[in-house]
Amino acid sequence: MLTYWFIGLALMLVIEGIMPFLFPALWREALRKLVLFSDKQIRFSGLTAMLSGLLLLYWVK
């Protein structure tokens, strides 16, 4: 079971690293815009990402 957690973490790190590796200037600009978001907007996007991930896990399983 722990192996699956490490596989998931590794895949997340690979996917998260694609944007700054391929498009560093675009990634930097996206982070500048992200700083301007309110806490409510950031929380909503985080909640949306978590629920999307849970639905995807449920669908795959």
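How many nonpolar, polar and charged residues does the lining of the largest pocket have, by class? The points below come to that after the overall picture has been set out.

1. On confidence: this is a predicted model, and the protein averages a pLDDT of 93, with 100% of the residues scoring at least 70. Among the elements, helix 2, which covers residues 24-35, has the highest mean pLDDT at 95, while helix 1, which covers residues 2-22, has the lowest at 92.

2. On the overall fold: the secondary structure of the protein comes to three helices and zero strands, and read from the N terminus on, the elements follow the order α-α-α. The radius of gyration of the protein is 15 Å, whereas the globule rule gives 10 Å for 61 residues, so the protein is more spread out than a compact globule. Along its principal axes, the C-alpha trace spans about 40 × 30 × 20 Å.

3. On burial: of the 61 residues of the protein, 0% count as buried, where buried stands for under 20% relative accessible area. The two helices taken up in the next points should be read with this in mind.

4. On helix 1: this element has 21 residues, and from its first C-alpha to its last it reaches 31 Å, which is close to the 30 Å expected at 1.5 Å a residue. The number of buried residues among these 21 is zero, so helix 1 lies largely in the open.

5. On helix 3: this element takes in residues 39-60, a run of 22 residues, and its reach from first C-alpha to last is 31 Å, close to the 32 Å expected at 1.5 Å a residue. Helix 3 is hardly covered, with a count of zero buried residues among its 22.

6. On the largest pocket: about 900 Å³ of space lies in it. The pocket is lined by 18 residues, of which Gly8, Gly53, Leu54, Leu56 and Leu57 are the closest to its centre. Helix 1 and helix 3 are the elements that give two or more residues to this lining, and helix 1 gives the most, with nine residues.

7. On the opening question: by class, the lining of the largest pocket has 14 nonpolar residues, together with two polar and two charged ones. A reader new to the structure may want to view this lining alongside the burial figures, since both concern the surface: helix 1, which gives nine residues to the lining, has zero buried residues among its 21.

Definitions and conventions: Residues numbered from 1 in each chain as written. Predicted model: local features only at pLDDT ≥ 70, side-chain atom pairs only at ≥ 80, totals over all residues. Heavy atoms only, no water. pLDDT = per-residue confidence, 0-100. Helix = DSSP H or I, 4+ residues; strand = E, 2+ residues; numbered from the N terminus. Expected span 1.5 Å × (residues − 1). Buried < 20%, exposed > 50% of the residue type's maximum accessible area, 1.4 Å probe, protein only. 1 Å grid on protein atoms, 1.4 Å probe; cavity = no way out; pocket = protein on both sides within 12 Å on 5 of 7 lines; lining within 4 Å. Points joined across faces, edges and corners; volume = space filled by probe spheres on them. Nonpolar A, V, L, I, M, F, W, Y, C, P; charged D, E, K, R; others polar. Rg over C-alpha atoms; globule rule 2.2 N^0.38 Å.
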